[in-house]
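Colleague: Could you walk me through how to read a few features of a model like this one? Helix contacts would be a good place to begin.

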Amino acid sequence: MRVLHFYKTYYPDSVGGIEQVIRQMCVGTGRLGVTNDVLTLTRQKDNADFEFEGHHVRRVPLDFEIASNAVSFAAFGELARMAEQADVVHYHFPWPFMDLAHFISRVNKPSLVTYHSDIVRQKHLLRLYQPLKHRFLKSVDAIVASSPNYMASSQVLERYQDKTRVITYGLDKSTYPAAKPELMDKWRAKVGERFFLFVGVLRYYKGLHILLDAVASSDYPVVIVGSGPIEAELKAHAERLGLKHVLFVGAVDEDDKAALLTLCYAMAFPSHLRSEAFGISLLEGAMYGKPMISSEIGTGTTYINIDGDTGLVVPPSDPQALGEAMRTLWDNPQLAADMGKRAEARYWELFSSETMASNYLALYEELAARRAVTQLAPAGA
């Protein structure tokens, strides 16, 4: 079984949530015998082809971007060539250029799309994109939603219920480095023993302005890990509020991230828009046995974090409610510890990489078998 993944960004150029999911899919299904290739775009001038954790990555030049929609003319030919060698083509939505490339490259292999998120922000461009989007979603053989919450709340997926199924994301903790004592000591000296942690790309939908407002009248230490397009804006906002207890540490490597996830008191995850379809770093918190605070936005965040069980769930865009939830956990260490234990148990029950990989392998085999039967059927049958 050979599977081709197609998405606009991937390691090592970008280390966001979707990239982590594709990585976990490739590593997990690779252990089950799948040969995985990833076709992606890059601004780099070298290392077009390389091996990464047991799978092959092919990078083609990114020519330009329009409203976050990356375009590569070289991708048309590469997609056609690599799809011809694959048994199944696995697309990752949203990326409007991908839809176009699917048709221009005349991909004629069993195909599926993991539907990572609705398109939320570019509403005017979305109207222009709608016909292509629906033509693409109709053309693929299967659509995968990342949680039952998202499947139930997406108006787009509602139109494709007959071909949509749920396969939740999964993480393999063995791919994360063990926390090094010297790094634990470094971060203790920097931020103390108890702090709230956020990890992620600093984007508009992450709700970090809400988190800053929530701690404006408290002194709870908060560590914000990550960089991104609104980093300067967030730092300026924190400075206006006089937040001396909020530490922006930028992007960190995997060793430092493991140390911070091990050391933190709880995860603060204030994403307030549906662009946050799941929350990989929220799931990382559960994997490390941490209580969580998230917002109810009708997506997978509330499938990971169950209010009152694995953490607390608050209304979106509500700094007061977020601050009160932080106070509840901060003032009740035993409650926080118990929630963290239940979060980790839920991770092992539902969100392991092994579970995700076996479910995707079954789907790949189903789609390949379905195509084989179709090709064997007599003409006119």
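Modeller: Sure, and keep in mind that this is a predicted model. Let's begin with a helix contact: Leu283, Ala286 and Met287 in H11 meet Ala343, Glu344 and Tyr347 in H14. Sorted by class, the contact of H11 with H14 has five nonpolar residues, no polar ones and one charged.

Colleague: What angle do the axes of H11 and H14 cross at, and how do I put a word to it?

Modeller: The crossing is at roughly 110 degrees, with the axes of H11 (residues 280-287) and H14 coming within 7 Å. Angles of 65 to 115 degrees count as roughly perpendicular, so that is the label for H11 and H14.

Colleague: Let me try H13 and H14. At what angle do they pack?

Modeller: H13 (residues 319-331) and H14 (residues 333-350) pack at about 100 degrees, their axes 5 Å apart. H13 and H14 are therefore roughly perpendicular to each other. On the H13 side the contact is made by Thr328, Leu329, Trp330 and Asp331, and on the H14 side by Pro333, Leu335, Ala336 and Met339. The class split of that contact is six nonpolar, one polar and one charged.

Colleague: Next, charges. How many salt bridges does the count come to?

Modeller: The general idea is that side chains of opposite charge can pair when their charged atoms come close. Here the cut-off is a side-chain nitrogen of Lys or Arg within 4 Å of a carboxyl oxygen of Asp or Glu, and the count comes to 21 salt bridges. Take Arg58 and Glu78 as a case: their closest N and O atoms are 3.3 Å apart. That pair links distant parts of the chain, with Arg58 in strand E4 (residues 55-61) and Glu78 in helix H2 (residues 74-85), 20 residues apart.

Colleague: And pockets? Which residues lie nearest the centre of the second largest one?

Modeller: Rolling a probe the size of a water molecule over the atoms shows where empty space is left. In this model, the second largest pocket has a volume of about 270 Å³. Its lining has 14 residues, with Asp118, Ile119, Leu126, Gln155 and Val156 nearest the centre. The elements giving two or more residues to that lining are helix H4 (123-139) and helix H6 (155-158). H4 gives the most, with four residues. By class, the lining of this pocket divides into six nonpolar, four polar and four charged.

Colleague: Last stop, the backbone. Where does Pro12 lie, and is the peptide bond leading to it cis or trans?

Modeller: Omega is the angle to read. From Tyr11 to Pro12 it's near -5 degrees, and the bond is cis. Pro12 sits in the loop between strand E1 (2-6) and helix H1 (17-30). There's also a cis bond from Phe93 to Pro94, with omega near 15 degrees. Pro94 is in the loop between strand E7 (88-93) and helix H3 (96-104).

Colleague: What about phi? Is it positive or negative at Ala67?

Modeller: Positive, at about 50 degrees, although Ala67 is not a glycine. You'll find Ala67 in the loop between strand E5 (64-66) and strand E6 (69-71).

Methods
Residues are numbered from 1 along each chain as its sequence is written. This is a predicted model: local features need pLDDT of at least 70, side-chain atom pairs count only at pLDDT 80 or more; totals for chains, interfaces and linings use all residues. Side-chain values use heavy atoms; hydrogens and water are left out. On a 1 Å grid over the protein atoms alone, a cavity is a set of points where a 1.4 Å probe fits but cannot get out, and a pocket is an open set with protein on both sides within 12 Å along at least five of seven lines; lining residues have an atom within 4 Å of a point. Grid points are joined across faces, edges and corners, and a volume is the space filled by probe spheres set on the points. Ala, Val, Leu, Ile, Met, Phe, Trp, Tyr, Cys and Pro count as nonpolar, Asp, Glu, Lys and Arg as charged, and the others, Gly among them, as polar. Axes are lines fitted to C-alpha atoms, for helices over the stretch in contact, and angles run from 0 to 180 degrees between N-to-C directions. Angles under 35 degrees count as roughly parallel, over 145 as roughly antiparallel, 65 to 115 as roughly perpendicular and the rest as oblique. Contact means heavy atoms within 4.5 Å.
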